[in-house]
Amino acid sequence: MALHFPACPVKMFGEVPDSASWRRQSEFRLDCAAHMFEEILQWAMPAVGGVLLLLTLRYRRLTAAWTVDYSVRWSAVAVAAVVLAGLSSTGLLPMGPGWRGTLQYLAAILLLTPSICTLGARRPGAGPWQWFVVLPMILVLIWPVFTQAVDTSGRSLVQLSNPQLCGVCLAALMGLGPGLGTSTVTVLLRLAALILALLPLRTSDPWTTPAAQLVPLVLLAELLISEQRVRGHMQRLQQATTDEQRSREIWLLFQTLYGSVWPRRVQDRMSQFERGECWTVTLTDAGFRQHSGSTPGEAELARPLEAFRWLLGRFVTTAWLATQLPVKAEVPGQTSGGA
C-alpha cells in the first residue's frame, strides 16, 4: 500500500503573503508533517515490533538457565500484544473501537507481567507463581474494561476509570519499584512504555494514538540496554581467573536480572551464615569483601562460596553454577536454611 500525503501549497516567487495567509500556510504545513508522521508510524512500528520480538527470543538464550526466564517469556507475549494493538489502532487489523481499546489495555497490562513474575522467580514455586499470581492479576485488571466492551458489543470506546488506573499504578509500583537502583534506566523506559500504552484509554485526543504506537521503540531501547548489560557480565565472567572475580560477576548479574528484592534476601541469609560460622568475609553489593574492605583470598572464600552456591541454586540451575563457579575442593560440613 502506497503512502499518501496531502499536497502542500507552493508559494510563488516574489509573493509576499499577509499574516493571516502565512498563518494558514504554517498550520497546513504542520498538518502535512503530522499526517506524514502518522503514515510512517503506521508501517514502521509494526516492523520495529517484529524485530523486537525476535530480539526478545534471542535474549532468552542468555537467561535460559535462570528462573527469570519466565519473565522473558512474558516479555515476548507482551511484545506480541503491543504489535497487535498497534495494527488495530491503524486499521490494519479491523475491529470495533471497544475491542480495540480492550486489546490496547491488555497490551499495557502485559507490560507489567515480567516484573511481577520476577517477584516469584525462586525455586520451588516459580512455575505455580504464573498460575496463582500473574494470571489472576491480568484477569482482575482486564475484567472491568472487558465488560465495557462486551456491554456495547465493541461498538463504543472504552475508558479507563480512576479506580482502574490506581490498580495499574499499584501493580507497576510493586513490579517496577524493586528495579530502581539496580536497573533504573530500563525501569524508567518500561514505565514510559506503560504510560504511552495507557494514553488512548484516558483521553480521546488525536495525538494519543501515534504516541501509543511508539511503545515498540521504547521497549526496543530497554531490551538493547538490558542485553548489553547482561552480555557484559557474561563476558567478564568468562575472563575471570579467580573465585572472587567469578562470584562478583555472578552476583552483579543476579542483581541486574532480579532487581533488589531477591538479592537483599540472599544477603540477609548470607549474613546469618556469616554470624553463625564466624566468617571473615561478608557479601556486599559489589561482591565478597573482608570486614576491613579488602579482597578476600581463596581460602577465606571456601565456606562462603559453598553457601553462596546453595542459595543461588534457588534461581539458576546447578549445571550452570558448576560450569561458571566450579567447586575446587570438598569443604567439610553443610549449611542449611532457605533464601
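**View 1. The largest pocket encloses about 350 Å³ of space.** In this predicted model, local features need pLDDT of at least 70 and side-chain atom pairs count only at pLDDT 80 or more, whereas totals for chains, interfaces and linings use all residues. Residues are numbered from 1 along each chain as its sequence is written, and side-chain values use heavy atoms, without hydrogens and water. A pocket is an open set of points on a 1 Å grid over the protein atoms alone where a 1.4 Å probe fits, with protein on both sides within 12 Å along at least five of seven lines; lining residues have an atom within 4 Å of a point. Its volume is the space filled by probe spheres set on the points, which are joined across faces, edges and corners.

**View 2. The lining of the largest pocket comprises 16 residues.** Arg100, Leu157, Pro200, Thr208 and Thr209 lie nearest the pocket centre. Helices α3 (97-110), α7 (184-202) and α8 (208-212) each supply at least two lining residues, and α3 gives the most, with four. Helices are DSSP runs (H or I, at least four residues) and strands are E runs of at least two, numbered from the N terminus.

**View 3. Helix α11 (residues 261-277) has a buried side.** Buried residues (under 20% relative accessible area, 1.4 Å probe, protein chains only) in α11 are Trp262, Pro263, Val266, Gln267, Arg269, Met270, Phe273 and Glu274. These residues lie on the same side of α11 because they cover an arc of only 165 degrees around the axis, taken from the directions from the helix axis to the C-beta atoms. Arg275 and Gly276, on the other side, are exposed (over 50%).
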